[in-house]
Amino acid sequence: MEMRRGIIGNNKAIGKYITTMIFLYFACLLPSIAFGSLNDENTRGAIDVQKTIVGQCIGGLLYALFSGQPLVVLLTTAPLALYINVIRGICDDYNLDFSAFYAWIGLWNSFFLVMYSLFNFSLLMKLFKRSTEEIIALFISITFVLDAFKGIIKVFKKYYYHGRTGDSYLEKARTDAIPSLGINTTFLMNSSVSRSMSLENQTGTHDVHYGRETAVLSLMLMLGTLWLGHTLYQFKKSPYLHARVREILSDCALPISVLTFSVVGSYIFKEIEMSKFNYNPSESLFVLAPVQSLSIGSVMSAMGLGFLLSMLFFIEQNIVASLTNAPENRLVKGTAYHWDLLLVALINTGLSIFGLPWIHAAFPHSPMHVRALAYVEERVENGHIYETIVSVKETRLTSLVANFLVGLSLLLLPFPLQWIPKPVLYGLFLYIALTSIDGNQLFERVALLLKEQTAYPPTHYIRRVPQRKIHYFTGLQVLQLLILCGFGMSPLPYMKMIFPLIMIGMIPIR
């Protein structure tokens, strides 16, 4: 009945649902490809793009069906990718079977999450004030930015700086030609002289010439994806076109920008070699991990890592659910924090056993999902224009359809999904980070330091609290954010494992 509401009757919102489904499909698929590619590099193929898409489809569908908060979106996230990288390093250091050790950590994680849900530990989230939520939300946005810049720096190290030493270098590579279109791809020899080489066949190898043009085009694709996506996202505020058209363009900003610059990078500039994600077709996606192969000592060590991981899941799941159900979003349906935590534990139990990547509530995708289903009005107060949500079409139909389409996307591997260059995915990360800070009070107060007081917005805390106290409070939040970033982004792998405890340590700070 819930899924039919809004499709039939007087309160239909089919157009809103369609644009949200398109947005959510790309918002789930593209990070799955990006983090799947990252996991593929970190685990040497044990968890690849294909498995990440399968895990997203199964986990997303189950959560959309049974969740008490259907607007919350589950994804593999940047902190989880960090954990998986650390686990791979531990397995290498102690000669452990990665699949078995990964499965045990996931099972222990799920066990602790079940305990948290049964004993109503989510009530402890009352101790997390909005300041802590803002810090963690901004930390996640920063991780997206760093992932993007790390990726583009790798591209420049591989392509641009080799070009500075003289002729571009050669290496064996598989063809990136598009078989169905019969494109005869050519590659530039270096940044000053263009020399073409025909591809031998669709599946053979060929000499690929790398040069500075690849690095420069990659930077343009990343920034172009960010620029177009954010421009369209803000287009609803412009006076051009009809209001409904502006709303559709804003809701579909993400897919439009990704598709546009994927065509630019893979077709218009097809003669320039671009970095693309690896695809290794697997005939057996659902193979049980050999959990019985580990010793008792290894299983107990997995319990410690599983406990730390459960802290991350507990905090992320509840904070994202809290941000999604924030009062300004005007959601009318009830919340189900304990039930959803139990559901995430059960979903990840199955994912762990089959070696699929873990998933939990994702920021900023969940608040952006709410925003896509919301009807927004612009209002004027003391000469300042601000937006407010009037109502939200709450439904689980958008999540169901989007995750089902993610599963069907397996049929699009390797082509046309490999048309999406990695720099476009980096631009996606920047877009998500930039749009996620919209409404983050911590970021807004940091920006106040660069503004004169007459330009301050007429928000309630500006009117009621002295400016000195506002800056003092902001400074304390920035200090906490720096400490969190120091642990979460440390080059030392074992420090990354304990940063959920740093999040909990922020509770007493008011």
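This report covers the overall make-up of a predicted model, two helix pairs and several single residues.

## Overall make-up

The protein chain holds 18 helices and six strands. It has 510 residues, and 54% of them are buried. Contacts in the chain with a separation of 6 or more are mostly long in sequence terms: 79% of them join residues 24 or more positions apart.

No disulfides turn up in a search of the whole structure. Two cysteines can still be placed by their accessibility. Cys-57 has 14% relative accessibility and so counts as buried. Cys-485, with 14% relative accessibility, also counts as buried.

## Helix H1 against helix H12

Helix H1 spans residues 14–43, and helix H12 spans residues 397–408. Their axes lie 8 Å apart, and the packing angle is about 45 degrees. Oblique angles include those between 35 and 65 degrees, so H1 is oblique to H12. The crossing is right-handed.

H1 brings Tyr-17, Thr-20, Met-21, Leu-24, Tyr-25, Cys-28 and Leu-29 to the contact. From H12 come Leu-397, Thr-398, Ser-399, Val-401, Ala-402, Asn-403, Leu-405 and Val-406. By class, these residues split into eleven nonpolar and four polar, with no charged residue.

## Helix H4 against helix H9

Helix H4 covers residues 98–118, and helix H9 covers residues 296–324. Their axes come within 7 Å and cross at roughly 50 degrees. H4 and H9 are therefore oblique to each other. The crossing of H4 past H9 is right-handed. The contact has 17 nonpolar residues and five polar ones. Charged residues are absent from the contact of H4 with H9.

## Single residues

The table lists the accessibility of three residues.

| Residue | Relative accessibility | Class |
|---|---|---|
| Tyr-94 | 57% | exposed |
| Ile-389 | 5% | buried |
| Gln-477 | 1% | buried |

Ile-389 sits in strand E6, residues 384–392. Val-376 is 13 residues away in sequence, and the two C-alpha atoms are 4.5 Å apart. Beyond its neighbours within four places in sequence, Ile-389 contacts Val-376, Tyr-375, Ala-374 and Arg-371. It also contacts Glu-328, Asn-329 and Arg-330. Ile-389 counts as buried because its relative accessible area is 5%, against a cut-off of under 20%.

Gln-477 belongs to helix H16, residues 467–488. Its relative accessible area is 1%, so Gln-477 counts as buried. Setting aside residues up to four places away in sequence, Gln-477 touches Ser-131, Glu-134 and Ile-135. Leu-442 and Arg-445 are also among the residues it touches.

Tyr-94 lies in helix H3, residues 78–94. With 57% relative accessibility, Tyr-94 counts as exposed, the cut-off being over 50%. Tyr-94 and Ser-298 are 204 residues apart along the chain. Their C-alpha atoms are separated by 9.5 Å.

How values were computed. Residues are numbered from 1 along each chain as its sequence is written. This is a predicted model: local features need pLDDT of at least 70, side-chain atom pairs count only at pLDDT 80 or more; totals for chains, interfaces and linings use all residues. Side-chain values use heavy atoms; hydrogens and water are left out. Axes are lines fitted to C-alpha atoms, for helices over the stretch in contact, and angles run from 0 to 180 degrees between N-to-C directions. Helices (H or I, at least four residues) and strands (E, at least two) are DSSP runs, numbered from the N terminus. Angles under 35 degrees count as roughly parallel, over 145 as roughly antiparallel, 65 to 115 as roughly perpendicular and the rest as oblique. A crossing is left-handed if the near helix is turned anticlockwise from the far one by less than a right angle, and right-handed if clockwise. Contact means heavy atoms within 4.5 Å. Ala, Val, Leu, Ile, Met, Phe, Trp, Tyr, Cys and Pro count as nonpolar, Asp, Glu, Lys and Arg as charged, and the others, Gly among them, as polar. A disulfide is a pair of cysteine sulfur atoms within 2.5 Å. Buried means under 20% relative accessible area, exposed over 50%, partly exposed in between (1.4 Å probe, protein chains only).
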